[in-house]
Structures are given as C-alpha cells and as structure tokens.
Amino acid sequence: MAEYQFTGFALAGELDLNRVGSHLGIIRKYRWEEPMMLDALTFKPLAENRTEEQQVYLYFFGGVVFFNCSDKTIRDFSREMGKVTESFKGFPNIKYQDHYSLRIEEGGSLAITNDFAVMPNYDRAFIDIIVFVIAKSVALERIEERVDTVLDEIEGLIAQLDRGKLGIPDKRLAKLASSILTFKYSSIAYIMVLDKPESTWENQEADSLYLTMADLFELTQRYEEIRHKSETLMDITEVFSSLSHAARASRLEWIIIILIFVEIVIYIIEIMKP
C-alpha cells in the first residue's frame, strides 16, 4: 500500500506567481488559473514526468499545498519564501490549514472521506485533484472568517442605528463596500469554485474523485453562502449609505435655511436704520 500526505494552507492574501517565479529564476509566465509546482527542496519547477518527491503547489488566490513534505521541509520552504514575498510572513503558523491523505490499495475498495481517500489504482490526476480541492477549501475558510468579521461589524452599526445614532463616515462605508466586493471577487474569480480541473474531462475516475471531494468539502455550498452573505452585506451598506446621504442633505438644507434667515434679519436691520 502506498500513502501520500497533503498539507494545505491559505496565505493572508493573493500570491503573485509571476513575481515569485522571477525571483526563483523561472522564465515562464503563469496564468491566474494554473498553479506553480515546485520541488520543495530545490525550489525548481517540477518536470512533466515528475515522481513523488516532496512537492509544493502555489496558487494565485493564496492557496499553498505541500505534497509528501515533512514539517521541517515546510518550515524551511516557508522561511526561504518569506524572503521572496510578504505573503509568506508568519507562515506556517497560520490558522487556515487542512490535512489529507491518499492511499493506493491495489484490489481494494474505493473510499473517499473528509480525511483520506482510498483508490484501487494509482493515477497522477488523483494527486492534482486532491491538491486543487484542498487549496480551494482552505482559501474559502479564510474568506468565510473575513465575511463573518464584517458581519459582526455591521451588527454593531445596526445596533447604533437602532439607538437613533447614525454617525458613519463615508470612508468607513467605502471600506466596508470594498471588503464585500473583495469577498465576491476572490470567491468567484480567484478560487474558481465552480470550475473543474482539466484532468476530469476525459478521466471518469478523476471526475468521480473531484465531484465526491467537492461535495464532502461543501465547496459549492460554502461559495453560495459567501455569495449570499456578501449580497446581504452590500444591501445593508447601501441602506447605510442612503441614510448617511439623506442626513447630510438634511443638514445642508438647514444650513441654507439658517443662512437665508440671517440674510433676512440683516436686511430688516438695515432698512430699519434711521
């Protein structure tokens, strides 16, 4: 029986793979939907006919998955990468992470769970699919927590409004709106939640593994929940923005009324002078 280990992390933000590649002497350019695959020891790109040495997969959306890497290798890799990009600062002591394993048991029964998968035969596509799912799952976890943080902030603002207080600066509203749009953009564009890897198109076993893992990790459901929360947050932000603008317009109206009143008083005083 062969067994392979996966350890996935979500960095604090996006990862510019082309900038990282230039620092590592990699000439090729990466499209936003493809990962950078490196030997975790030499930092060199993996060959097409790669064997199962210690590997690391880096994604534009900040997902990092180590394949068959020891804790020491992960620490050493992250320390060296911290010299290349700020995204690795504080790594691997980050909260968004997951672990998974793949077991190959010839003649065994197929089994796919939240923690491991058992396949009756080996296929390189299985490795790529598990890495893909783990990377998306940990990245979603990061976004989920940030959405909940903004929700908590919004609840505080709603409580202020309930007490008749509405003193929200435009800068704060703009920051909230920017955060919400970032959630929606990250979950749709960068994490590619609704996309299937190319290896599933002509490989039925790979397709079955991906669909089962995506269902177990609730990728689509979690994406839909983020989308729903983001839309709700945006609606609330628009309400606060409308109320803020209405309050500002009301203040301006009162200022104009007061100025007109002052002018009338001055005019009356002028005409009453002997």
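Is Asp128 buried, partly exposed or exposed? In this predicted model, Asp128 counts as partly exposed, because its relative accessibility is 25%, a value that lies between the limits of 20% for buried and 50% for exposed residues. Its salt-bridge partner is Arg124, the closest N and O atoms being 3.7 Å apart, and Arg124 counts as buried at 17% relative accessibility. Both residues belong to helix α3 (residues 124-162), where they are four residues apart, about one turn of the helix. Arg124 also lies over the face of Phe67, at 5.7 Å from the ring centre. A further contact of this kind involves Arg103, whose charged end sits over the ring of Phe116, 4.1 Å from its centre.

The protein chain contains six helices and seven strands, arranged along the sequence in the pattern β-α-β-β-β-α-β-β-β-α-α-α-α. Of its 274 residues, buried residues make up 42%.

Among the strands, β2 and β3 pair in the antiparallel sense over four bridges, with Leu38 standing opposite Val56 in β3. Strand β3 is also joined by four bridges to β4 (residues 63-67), again with an antiparallel course, and here Leu58 has Val64 in β4 as its bridge partner. The hairpin formed by β3 and β4 has four residues between the strands, and Gly62 within this hairpin takes a positive phi near 95 degrees. Along β3, the side chains of Gln55 and Tyr57 point one way and those of Val56 and Leu58 the other way, yet all of these residues are buried.

Aromatic contacts amount to 11 pairs in the model. In one of them, the rings of Phe43 and Phe77 have their centres 4.8 Å apart and their planes at 10 degrees, so the pair is stacked. This contact links distant parts of the chain, since Phe43 lies in the loop between β2 (36-39) and β3 (55-58), whereas Phe77 lies in helix α2 (residues 71-81), 34 residues apart. Both partners are buried, Phe43 with a relative accessible area of 17% and Phe77 at 1% relative accessibility. A second stacked pair is formed by Tyr59 and Phe61, with 5.2 Å from centre to centre and 20 degrees between the planes; Tyr59 and Phe61 are likewise both buried. Phe43 and Phe77 further belong to one aromatic cluster, together with Phe9, Phe66 and Phe88.

Salt bridges number 11 in total. Helix α2 provides an example in Lys72 and Asp76, whose side chains meet with an N to O distance of 2.7 Å; being four residues apart in this helix, they are separated by about one helical turn. Lys72 is exposed, with a relative accessible area of 52%, while Asp76 is partly exposed, with a relative accessible area of 24%. Elsewhere, Glu34 and Arg31 are joined by a salt bridge of 3.8 Å, N to O, in which Glu34 is buried with a relative accessible area of 15% and Arg31 is partly exposed with a relative accessible area of 46%. These two residues and Arg28 are linked in a network of salt bridges.

On the surface, a nonpolar patch is formed by Trp254, Ile257, Ile258, Phe261, Val262, Val265, Ile266 and Ile269, which together have about 770 Å² of accessible area. Phe261, one of the members of this patch, lies in helix α6 (residues 219-272) and is exposed, with a relative accessible area of 54%.

Terms used
Residues numbered from 1 in each chain as written. Predicted model: local features only at pLDDT ≥ 70, side-chain atom pairs only at ≥ 80, totals over all residues. Heavy atoms only, no water. Phe/Tyr/Trp six-rings, centres within 6.5 Å; stacked < 30°, edge-to-face > 60°. Helix = DSSP H or I, 4+ residues; strand = E, 2+ residues; numbered from the N terminus. Buried < 20%, exposed > 50% of the residue type's maximum accessible area, 1.4 Å probe, protein only. Lys NZ or Arg CZ within 6 Å of the ring centre and 35° of its normal. Pairing = 2+ DSSP bridges. Patch = residues over 30% accessible without salt bridge, like charges linked within 9 Å, V, L, I, M, F, W, Y side chains within 5 Å. Areas by Shrake-Rupley, 256 points an atom, 1.4 Å probe, with all protein chains shown as cover. Salt bridge = Lys/Arg side-chain N within 4 Å of Asp/Glu carboxyl O.
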